[in-house]
Structure formats: C-alpha cells, structure tokens
Amino acid sequence: ALSCLGGLIRPYKVQFWYWESVEMLRKLTLASMIPMLVQTPANQVAMALFILLFYLVAVVWGSPYTNSSQNLLQAYIQLTLFCTLYYGQYSALFCQTSLNAADCDNNRVEWSLVAMYIAVLLGPLIKTVFRARPLG
C-alpha cells in the first residue's frame, strides 16, 4: 500500500494516515457542498468560516504532519483564509449599514491581509535560506 499511496500518506504521521481524505473533504465542502446546500451568501460565508476554524483547530491540536514546519504553514494558511473570509463578510456588512462612504475605506485591514499573504509566500523561503547558511 505504501508503494501505491506513499505520496498521499508520506507527509503525515502514522496515526494520521487518513489526513489526505480530511483535506479533500474540506476542499470539497468549501468548493461544492456549501454553495449547493446553503442558499444565501452570508450563510455560505458563515458556514465556510466555521469549517475553516474547525480545521484550523484540528491542525493545531493534532499536528498531523511529520514536519513541524508543515503543521505551522498549514495552520498559517488556514488562519489567512479565515481572516480573508471574515474581512470580506465584515466589510460587506459594514458598508451596507454605513451611512458615510468614507467609513468603507479599510486600507489598513487590506494591507494587513496583503502582508499575511506575502508572509505565507516568503516564510518558507526565509526559513530555507537561514537553514542553509549557519549563523556565526
């Protein structure tokens, strides 16, 4: 079984051999099942936020990956997705209820989201560079 499915189960600890199925179920739920089962966009986002939060807790609590940096990266990615959806939902609701158009200018939050995305991209690169070159 390891020769056939090794690429799917190798990144995970032995007790989490099924984690790739959990990943696929999360992706299927977020991409297909929520839009089919939940009709209103606000409820779709709320359901997606719940699933992302549940999965984030599962990754942090369980640490399914053999490499601790993979656990950290996966948690960070889930947190970034959660913050993006939350900000989108917050800004949509806030701008709908705001009487002043200037209140909808959320540049600080938008730039913090951009910084989170850049950190997700650059974090592994910086860690690799510092690991390759010992300090001192």
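A positive charge is said to sit over a ring if NZ of Lys or CZ of Arg is within 6 Å of the ring centre and within 35 degrees of the ring normal. Keep that in mind, as one stop on this tour uses it. The model on your screen is a predicted one.

**Stop 1: the whole chain**

Start with a cartoon view. The chain has five helices and zero strands, so reading along the sequence gives the pattern α-α-α-α-α. Of its 136 residues, 26% count as buried. Now switch on the surface: about 9,700 Å² is exposed, and carbon and sulfur atoms supply 71% of that area. If you look at contacts with a separation of 6 or more, residues 24 or more positions apart account for 59% of them.

**Stop 2: a salt bridge in helix α2**

Select Glu23 and Arg26. Both belong to helix α2 (residues 19–37), where they are three residues apart, about one turn of the helix. They form a salt bridge whose closest N and O atoms are 3.2 Å apart. The count for this structure comes to one salt bridge. Are these two residues buried or exposed? Glu23 is buried, with a relative accessible area of 5%, and Arg26 is buried too, at 10%.

**Stop 3: from the arginine to the rings**

Keep Arg26 on screen and add Tyr55. Here is the stop that the opening definition was for: Arg26 lies over the face of Tyr55, at 4.7 Å from the ring centre. Next, select Phe16, Trp17, Tyr18 and Trp19 as well; together with Tyr55 they form one aromatic cluster.

**Stop 4: aromatic pairs**

The structure holds seven aromatic pairs. One of them joins Phe16 and Tyr18: the ring centres are 6.1 Å apart and the planes stand at 50°, so this pair is tilted. Phe16 is buried, with a relative accessible area of 14%, while Tyr18 counts as partly exposed at 32%.

Now select Phe82 and Tyr86. How far apart are their ring centres, and at what angle are their planes? The centres are 6.5 Å apart and the planes are at 10°, so the pair is stacked. Both residues lie in helix α4 (residues 68–97), four residues apart, which is about one turn of the helix. Tyr86 is partly exposed, with a relative accessible area of 48%.

**Stop 5: two buried residues in helix α4**

Stay on this helix and select Thr80, which is found in helix α4. Thr80 is buried, with a relative accessible area of 5%. What does Thr80 contact, leaving aside its neighbours within four places in sequence? Show Met116, Tyr117 and Val120 to see its partners.

Then move along to Gln89, also placed in helix α4. Its relative accessible area is 18%; buried means under 20%, so Gln89 counts as buried. Not counting residues up to four places away in sequence, Gln89 touches Ala42 and Val45.

**Stop 6: a nonpolar patch on the surface**

For the last stop, turn the surface back on and select Trp111, Val114, Ile118, Leu121, Leu122, Leu125 and Ile126. These residues make a nonpolar surface patch of about 710 Å². To place one of them in the cartoon, find Leu125: it is in helix α5 (residues 107–132).

Key: Residues numbered from 1 in each chain as written. Predicted model: local features only at pLDDT ≥ 70, side-chain atom pairs only at ≥ 80, totals over all residues. Heavy atoms only, no water. Patch = residues over 30% accessible without salt bridge, like charges linked within 9 Å, V, L, I, M, F, W, Y side chains within 5 Å. Areas by Shrake-Rupley, 256 points an atom, 1.4 Å probe, with all protein chains shown as cover. Salt bridge = Lys/Arg side-chain N within 4 Å of Asp/Glu carboxyl O. Helix = DSSP H or I, 4+ residues; strand = E, 2+ residues; numbered from the N terminus. Phe/Tyr/Trp six-rings, centres within 6.5 Å; stacked < 30°, edge-to-face > 60°. Buried < 20%, exposed > 50% of the residue type's maximum accessible area, 1.4 Å probe, protein only. Contact = heavy atoms within 4.5 Å.
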